[in-house]
Amino acid sequence: MAASTVDDMNAMGVRWTAEQVLALAPDEASRRAGSELGTAGPWSETGCDEDAVWGLCKGGGSTPYRTVVDTTGPAYSCGCPSRKSPCKHALGLLLLRAADGIAAEDSPAPDWAARWIAGRRGRAESADRRTGDATPGATADPEAARRRAERRAARITSGARELEQRLADLLRGGLASAGQAGYGLWEETAARMVDAQAPGLAGRVRELGAIPGSGPGWPVRLLEECALTHLLDRAWLAADRLPAPFATTVRTRVGLTSPAGGVPVRDHWLVLAQYDAADARLTTRRIWLYGTTTGRTALLLSFGAAGRAPQLALPVGALLDGELTPHTGSGQVRAEPGERFVPVSGPVAPPAGGPVGAALDAYGRALGGDPWLDSWPVTLSGVVPARAEYGWQLADADGREALPLTPAAQSRPGLWRLVALSGGAPVTVFGECGHRGFTPLAAWSPETPGETVPLI
Amino acid sequence: MDTPTTTSTTTTAAASVSVPGSGPASESDEAAARHWEELVSSALLGTDRRPPAGLAGSAAARDLPGALLDAAAVQTVRRRAGLRPGPAAPLPEPAPEDPRAPLPEAARLRLDQLLAGRAAPSPAGRRGAAPDLAELLPQWLALANRHGYKASPSALPALLDAARARTDLRPQALRLAGPRGLWLARLNPEWRFALRGTGAGGGLPSPRDPEGVRALWDEGLFAERVALLAAVRTEDPAAGLALLASTWSAERAEDRLMFLDSLRAGLSDADEEFLEEALGDRSRNVRATAAELLSALPASALAGRMASRAATCVGLDRTAPEPTIAVEAPHECDAAMQRDGMVATPPAGRGERSWWLGQLVEAAPLVSWTGRFGGRGPEEIVALPVADDWQGELHAAWCRAAVRQRDPAWSRALLGSPAVPPATGPGTSSLAERAQLLSTLSVEERARWVASFIAAHGLSEAFQLLGVCAVPWAEPLGAAVIDALDIAREAGSYPWSFSGVMGLAERCLAPEAARQLDSLTARPDEAEDRSPGAGDYWSEAFQRLVSTLRLRAAMHAELTPPPHPAAAPPAP
């Protein structure tokens with residue numbers, strides 16, 4: 001609605017459209033609550049400049065909430081007690097802005113908003129300076145840091161040895177007994193891995209514990225995952241003899257955070273998908289981006305403590321100008337976003353894609369760099385959702401080959417959006433292709449190629 | 001993003017990752033499958049009990065579990081890397097083309113928003129200051145259909161879900177969903193409801209396709225035939241009558257009644273002959289319906305017969321000092337009267353003669369009374385005193401006649417002045433009957449009358465009358481409602497006493513009224529004699545009203561095809 005006002009692609013003034021704002025909402029309830037606040041009624045003292053919007057929102061209490069949004073992050077600040085981010089007030093404010101409800105000359109930023117914005121700008125700049133520094137972390141004691149890293153590596157090594165022992169015991173006695181032993185044994189082993197500061201191993205062990213209860217065929221799946229865990233243990237124990245990129249991948253898989261060390265890539269990024277997966281401890285948000293000029297697909301991860309929405313939120317279908325720093329390591333698509341991510345106007349087209357066979361080839365190739373990959377981002381072009389006896393699949397338009405959808409994707413409402421969008425005709429679908437099948441995340445119809453339809 | 005193709009050979013399993021997953025021949029695939037089966041059964045039973053064949057003798061025999069896991073890792077990665085697509089199931093039939101225009105961008109987003117709002121209802125109880133999106137969905141759908149748009153494909157699942165949950169949305173939602181919506185509904189059992197109606201909706205032949213119409217009329221199910229007759233009648237009343245007449249005598253009595261009822265639409269003097277014949281029908285209900293339809297045609301022979309019967313019962317009392325209506329109720333209900341649709345036996349508790357009188361006057365053409373009362377017009381006639389307590393009976397019958405004959409002059413006279421309290425006015429004090437009388441007036445006159453009524457009597461009795469006013473409310477009705485709400489607030493009432501009218505106002509006030517309302521949304525200072533807290537609730541209720549009106553204005557603007565590319569958003 002409002003995005004057509006600025007032609008300059010690099011201008012900061014391209015404002016979020018209402019659709020993009022709604023796509024930022026962490027859940028359906030926030031979306032609704034936010035759209036209700038997208039009218040002038042509850043707002044006062046609103047204003048905006050090129051990169052920020054602010055206003056007072058009348059809430060339940062006597063003092064209104066102070067809401068301010070930095071649209072370049074985006075980042076939000078609000079006086080409300082909500083644990084969601086962005087909260088409904090931030091969404092409402094952005095919607096009001098999208099609907100031309102806030103004029104730039106309304107009022108200068110009040111102190112409370114100006115302070116927060118200045119604080120953010122300051123941090124962004126100092127972050128820039130830090131990353132611009134030739135030797136990051138030079139201020140800390142390098143010797144102490146090295147000793148700390150060595151101590152942790154030694155702990156992980158003993159954890160990996162212990163895990164190897166557990167796996168060997170399990171195989172000696174037979175997986176059948178694992179079905180009876182129950183979850184407790186695994187939970188205890190997972191706790192040992194947490195003690196060993198190897199969260200990647202701990203996560204794998206927890207998943208192993210869930211497999212015996214996962215339905216028919218579990219012994220095969222359990223053997224596969226035990227074998228891959230064993231592979232990771234062995235790889236860690238031999239990490240000093242592995243090629244550097246692969247060793248980095250192994251360290252990441254074990255759970256060591258490695259800094260994003262790649263060469264930053266600036267592009268206009270199309271937001272393909274954003275979705276959360278939560279367990280009792282952590283909410284993990286995955287955001288897929290596609291570089292429209294580099295053709296590069298990148299994954300942003302953002303984490304929130306249990307029950308809290310992760311900070312980073314990008315609207316699906318938006319085109320953002322910004323810099324991504326890729327993580328190194330073989331078979332990795334993860335990247336870190338730069339401080340400024342600014343919406344730009346421009347033609348949006350789906351990523352180039354191929355037939356279903358090529359998607360599996362891509363997954364297979366990626367396993368060469370990271371054998372622990374469960375799936376790989378691919379775009380299928382010219383595919384038709386079709387129903388087979390076992391469930392839905394995506395078939396090449398020539399009707400020969402097809403990829404089954406993962407069981408989880410079969411039961412999501414997004415499946416019906418995909419089927420409706422196709423109407424029995426070929427569409428382009430982005431998703432994750434892996435050994436469990438294909439998880440569709442976004443789709444484009446040839447009639448409306450500029451419209452990214454989220455499927456999750 | 002290239003990855004190394006080799007890794008160190010010193011790590012037994014990790015190195016094997018680089019082994020290409022695809023064997024050149026199916027033989028090696030088979031061998032691999034056998035090998036894998038072997039590994040699984042050994043793992044399941046335990047290497048102590050069942051050492052894996054092929055590994056037992058090798059150098060790794062000392063660490064059998066490790067050797068098994070090494071081999072399993074190779075197999076797993078190899079299998080995953082070599083995955084091939086399966087055969088495709090038969091592709092679905094493509095959805096039929098839908099030639100309608102797609103929704104404008106903003107309207108498409110609005111629909112998504114309205115549908116999402118439906119799915120997440122606001123917290124129970126307090127309605128808050130924000131618009132009730134679910135209440136706007138019917139309006140939005142009707143408007144979009146009036147413009148002839150089709151829903152965007154990706155919105156169809158939510159649209160079908162909405163129609164599934166709310167039957168009142170179904171006709172409009174399914175129309176907007178169109179052929180692709182039906183195509184989709186066939187694939188999901190949850191949306192089966194959408195297919196049920198197709199016999200009566202999408203499946204009808206065009207009324208201008210005589211062969212299709214004839215085929216369906218002769219062979220269709222009852223519901224299909226009713227829908228077909230209604231469609232043909234709307235398009236061409238004479239063709240509808242001819243269709244019905246062609247099979248009339250062969251239809252069952254219940255069916256005849258329903259078919260006859262379809263003639264209400266487009267009723268004209270051309271139907272008289274057919275209806276007059278139906279007065280001799282075997283079924284009493286069919287006869288009564290035919291008589292009712294004939295009496296709505298003031299020029300019909302039946303109306304004439306009724307007029308002369310009524311004239312013998314109602315007239316001016318020439319002996320009275322001032323002009324007065326004298327009533328002499330009928331003494332019998334003979335066979336001819338019964339053939340003309342009169343029911344001889346009164347309901348329990350009513351006298352025979354007044355019952356007959358009511359039916360006579362109701363069926364007599366209103367135009368005939370002017371002649372009967374010396375050239376007096378409806379107002380004058382209604383103003384005449386009626387002798388012997390017959391006024392109530394007589395006026396009530398006139399009210400029914402005015403509604404049946406859609407006579408605005410008589411309706412106006414019977415409604416009387418809106419300023420007069422309903423209990424003392426002419427005609428009827430029943431609000432339901434007044435609403436019916438109002439519905440015969442023009443849209444503007446209706447709005448004017450109800451506006452004056454509200455100005456005089458407030459909102460408490462206006463709900464039913466507002467219900468028959470056209471949307472959006474024409475001025476001065478909108479202003480009258482707003483003033484009355486303001487007065488109610490001033491008087492210290494709580495807004496929920498007016499929640500019915502508030503809800504109507506949100507849906508029916510013209511969006512331009514928002515400007516007039518702005519001053520009312522402010523929270524007033526709490527005065528001592530007010531109901532505590534009422535001011536806040538009123539301010540909230542008015543805020544909701546204003547934001548709903550703004551939203552409706554935006555909805556209209558978004559759905560109206562722009563005269564030039566950049567349609568400005570509605571001014572606040």
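## Where domains 3 and 4 of chain A meet

In this predicted model, 10 residues of domain 3 of chain A are in contact with 10 residues of domain 4 of chain A. On the domain 3 side of that meeting place, you'll find five nonpolar residues, five polar ones and no charged ones. The C-alpha centres of these two domains of chain A are 20 Å apart.

For orientation, domain 3 of chain A covers 265-343 and domain 4 covers 356-454. Ahead of them in chain A come domain 1 (3-129) and domain 2 (153-254).

## The sheet at 265-343

Start with the strands of chain A in the order 7-6-5-8-9: these five make an open sheet, and the pairing is antiparallel. Which strands stand at the edges? They are strand 7 (297-305) and strand 9 (335-343) of chain A; each has a single partner strand, so one side of each has no neighbour in the sheet. On average, neighbouring strands here are turned by 40 degrees against each other, if you ignore direction.

Strand 5 of chain A (residues 265-278) is a handy place to look at the pairing. With strand 6 of chain A (residues 282-291), strand 5 pairs in the antiparallel sense over nine bridges, and a hairpin of three residues links the two. Two of the residue pairs are easy to pick out: A:Y275 has A:R286 in strand 6 as its bridge partner, and A:W269 has A:G291 in strand 6. Strand 5 of chain A also pairs with strand 8 of chain A (residues 319-326), again in the antiparallel sense, over six bridges. There, A:H268 stands opposite A:D321.

## A sheet that takes in both chains

The other sheet to look at is open too, with seven strands in the order 15(A)-14(A)-13(A)-10(A)-11(A)-12(A)-1(B) and antiparallel pairing. Its edge strands, each pairing on one side only, are strand 15 of chain A (448-454) and strand 1 of chain B. The link between the chains is made by strand 12 of chain A (residues 401-404) and strand 1 of chain B, which pair in the antiparallel sense over two bridges. Zoom in and you'll see A:E401 opposite B:P87, while A:A402 stands opposite B:G86.

Two helices of chain A lie across strands of this sheet. Helix 11 of chain A (residues 356-369) lies across strand 10 (375-388), strand 11 (391-396), strand 12 and strand 13 (427-434), and runs at about 150 degrees to strand 10. Helix 13 of chain A (residues 413-422) lies across strands 10, 11, 13, 14 and 15, at about 45 degrees to strand 14 (437-445).

## How chain B touches chain A

Across the whole interface, 71 residues of chain B are in contact with 76 residues of chain A. Several elements of chain B each supply at least two residues to its side, among them helix 2 (26-45), helix 3 (64-81), strand 1 (86-87), helix 4 (105-119) and helix 28 (534-559). Which element gives the most? That's helix 3 of chain B, with 10 residues. As for make-up, the chain B side has 42 nonpolar, 22 polar and seven charged residues.

## The nonpolar cores

The largest nonpolar core holds 179 residues. The residues with the most contacts inside this core include A:L94, A:V271, A:L272, B:L68 and B:L159. Helix 3 of chain B turns up again here, with the largest share of the core at 10 residues.

A:V271 makes a good close-up. Setting aside neighbours within four places in sequence, A:V271 is in contact with A:I287, A:L289, A:L314, A:P315, A:V316, A:G317, A:A318 and A:L320. There's also a second, separate core of 87 residues, and B:L243, B:L293, B:W355 and B:A413 are among its members.

## A buried loop residue

A:T72 is in the loop between strand 3 (65-70) and strand 4 (75-78) of chain A. Is A:T72 buried or exposed? A:T72 has 20 C-beta neighbours inside 10 Å, and therefore counts as buried; the cut-off for a buried residue is 20 or more. The C-alpha atoms of A:T72 and A:E50 are 9.3 Å apart, with the two residues 22 residues apart along the chain.

How values were computed
Residues numbered from 1 in each chain as written. Chains lettered and ligands numbered in written order. Predicted model: local features only at pLDDT ≥ 70, side-chain atom pairs only at ≥ 80, totals over all residues. Domains from an automatic or database assignment. Contact = placed C-beta atoms within 7 Å. Nonpolar A, V, L, I, M, F, W, Y, C, P; charged D, E, K, R; others polar. Helix = DSSP H or I, 4+ residues; strand = E, 2+ residues; numbered from the N terminus. Pairing = 2+ DSSP bridges. Core = buried A, V, L, I, M, F, W, Y, C linked by C-beta atoms within 7 Å. Buried ≥ 20, exposed ≤ 12 C-beta atoms within 10 Å, placed from the backbone. Axes fitted to C-alpha atoms, helices over the stretch in contact; angles between N-to-C directions.
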